[in-house]
Every structure is written in structure tokens, then in C-alpha cells.
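Colleague: Could you take a close look at a single helix for me, and tell me how its two sides are set up and what surrounds it?

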Amino acid sequence: MCPFLCFLILSITGCAKSPATPELNLYIWSEYLDPQIAADFSAKTGVKVNVSVYESSEEMLAKLQHAGGSSQYDLVVVSNMLVPTLVQLKLIQPLDHGRIPNRQNLDALFLDPAYDPGNHYSLAYQWGTVGLLYNKAKLHGLEPSWGVLFDPGKQQGSFVLIDEMRDQLGAALIFAGHSANSTNPDELRQAGQLVLGAKKSAKSRGFEGGVGGKNKVAAGLADMAVVWNGDALKAIEENAKGELAYLVPREGSLIWADVMVIPAQAPNSEAAHQFIDYLLDAQVGAQLSRFTRYASPNKAARQLLPKEDLENPVLYPPPEILSRLEYQREVGEQVRLYDEVWTEVKSR
Ligand code: N2P
């Protein structure tokens, strides 16, 4: 009788409940984490991974800055160029390197980087380029130039612009012969005019954040889109007719890296460290890049990737493309100029 009674009392009062399952709240770009990796991590550690996604840096920053994100999420994957800003705004906390032994798997290129000396706050996740995903069947011999967006005389088909301030203005700056990290007000205004012209063109299908542009091209709703290479590659590989392709315009383009950071008031920074270390494991890192279709900053993981991936120019740009790419940098206070021009372009 007693065991039954005890069970009854415990069930009613809730005292029999086991301690709450530890959780890890991750905030990341969409289609950027293999769900199997999260499931394997949970099976190994007992930590449940909750994934929330975003489609633009602007959306992510607003969430961290004004919507309590810095005390809600345990781990965030962001563009490396935002690290100094996040540090300055006190939105992220220093990493405890002692708990991330796998950081040594990273390529030297991603250790002690200029945007985060000593990797105090961040460790690399994936890297890639900005370019054009297009439908070869609809756009025969597409001119490999940003002019197909910015020069009315060269526009060839319908296009989607990317709803990512630095990337879209960066492409226009490069087309105009300037640095994609320019802080010259005249150059930025010129870039803004170019993007506005593209937006107002009859061929424009508007702005899309993150995977939005590639989804429109994949669905046949636009002939091309400004996208990141990994998303492009996913669309290319999923297109049964083999009609899609990716190019980096001849004027040049941007190269970027995304990093993992821990918000200042993360509820479970312990699990965040554990997950960062897990993602930096060689096997897991290889699995991650096979899923995202982006390049791995993890040297140990790269050794486990298929040769076809390492030799794929969309994924790992060959020297002649690399030499045309400009590393995206943070521009400090001058980001206000970008904000002003971008707001103007978006509102008109
Ligand atoms: C993945 C988005 C990659 C992030 N869908 C580009 N910085």
C-alpha cells in the first residue's frame, strides 16, 4: 500500500520529477546546422539543443541588443566582422579556452585573427563568399559582372538582391571600383544609388535575407540572386535538371567568416563551451561542412572531407578567384554611414 500511496502523493505534488533536462539555446542562420549533429550531441551529453534561426545580421543584432537575446541564448553564430561591435556593446562574454581543447583543430588563418586578437570571444564556424546564383538555362552566357544588377544596359534577367547591408552595399562598392570596406561618404552614397537603381529596375524581384534568394531561384521565381556560396551550392546540387550555377563577378567580391560567440548573460555557458568544442571536433566539423556546403575553417576536419568538395571551386575558391576577393572587415563608428545609406535605399 505504501509504495502506491507514495507514488500517488509524489505524482500529485510533482516531487517525483527528475531534475529539468539541461538545455542549450542556439541562435544561428537558417540551414546552417545539421540537425543530426544537434541530436548526436544531445545523445552524448544529455543536453537538449533548441535551435532558433535568423535571416539577416540586422535581425540578429536587434534580437541581441533590444529583445533580451543576450540573456536568452547560450550560443550565437555571427559574422566575424560583428565581433568587435558585440564586444563593445558588452553583448558577449570571453571564452574559456581551457574548456575548448579542439580549438587547436582550426587552421592558423583563423587563430588570433584581427577581428578578435587571441580569439578571446570567438572561434570560427564556416567561411565563404558572396556571389550570384543563376539559372544557366534562362541566362545563356551570363556576363560575369555585377553590372547584371547595377548597369541597366547589362541587366539580363530577373534578380533578387540580398537583404544584408554590408554584403549588398559591398557588391555595389566593388562594382564602382571602391573597397567593400570603404568609409568614404561619397563612395557609400554612390553605392547606395547603385543598389537603389537595381531595386527600382523592372527586373528586380526585391530583397531577400539569407536563404530567401536561393529559394526563389530554385523555385523558378527569379533568374538570379545575390547569395552566399554554400546556399548556392545546396541549390545547385538539389536541382535535378542541373540548370543552376554560381559565379563570383569579375570585378571581385567579398569573402567572410562566421564565428561562434557566447552571449554575456547566457543561461548555460557551460553547455555552450561543450557544444563549441564538439563542433570543432574533426569528424563533426567534416559532417558540418558536408551539410552546410560551406568551407571549413577546421584543418583537421578538412582532411576528412571528400576530394570532390575540396576541389569544388564554388566551395573553395581557386587562387584566381581568391585574388579578387576582399575580406569583409568591421568599420567601427563609420558603420553609421552604411546604416544611413541602407535605410534610405530600403525605404525608397
Ligand atoms: C547559411 C547562411 C550562411 C551565413 N544559410 C552567411 N554569413
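Modeller: On one side of helix 2, Pro35 and Ala43 are exposed; keep in mind that this is a predicted model. The other side holds the buried residues of this helix, which spans residues 35-45: Ile37, Ala38 and Phe41. Because these three cover an arc of only 100 degrees around the axis, they sit on the same side of helix 2. As for their partners, the buried residues pack against strand 2 (48-54), helix 11 (269-279) and helix 12 (282-292).

Both ends of the helix deserve a look too. At the start of helix 2, Asp34 brings a side-chain oxygen to within 2.9 Å of the backbone nitrogen of Gln36. After the helix comes Gly46, with a positive phi near 80 degrees.

Since you may enjoy ring geometry as well, here is a little on the aromatic residues. The model holds 14 aromatic pairs. In one of them, the ring centres of Trp127 and Tyr316 are 6.0 Å apart and the planes are at 75 degrees, so the pair is edge-to-face. Trp127 belongs to strand 5 (residues 123-135), whereas Tyr316 lies in the loop between helix 14 (307-310) and helix 15 (319-322), so this pair links distant parts of the chain, 189 residues apart. Trp127 is buried, with a relative accessible area of 12%, and Tyr316 is buried with 13%. Elsewhere, ring pairs join a cluster whose members include Tyr27, Trp29, Tyr32 and Tyr54.

Terms used:
Residues numbered from 1 in each chain as written. Predicted model: local features only at pLDDT ≥ 70, side-chain atom pairs only at ≥ 80, totals over all residues. Heavy atoms only, no water. Phe/Tyr/Trp six-rings, centres within 6.5 Å; stacked < 30°, edge-to-face > 60°. Helix = DSSP H or I, 4+ residues; strand = E, 2+ residues; numbered from the N terminus. Buried < 20%, exposed > 50% of the residue type's maximum accessible area, 1.4 Å probe, protein only. Arc of directions from axis to C-beta. Contact = heavy atoms within 4.5 Å. Polar contact = N/O pair within 3.5 Å; in protein donor to acceptor, adjacent residues only side chain to side chain.
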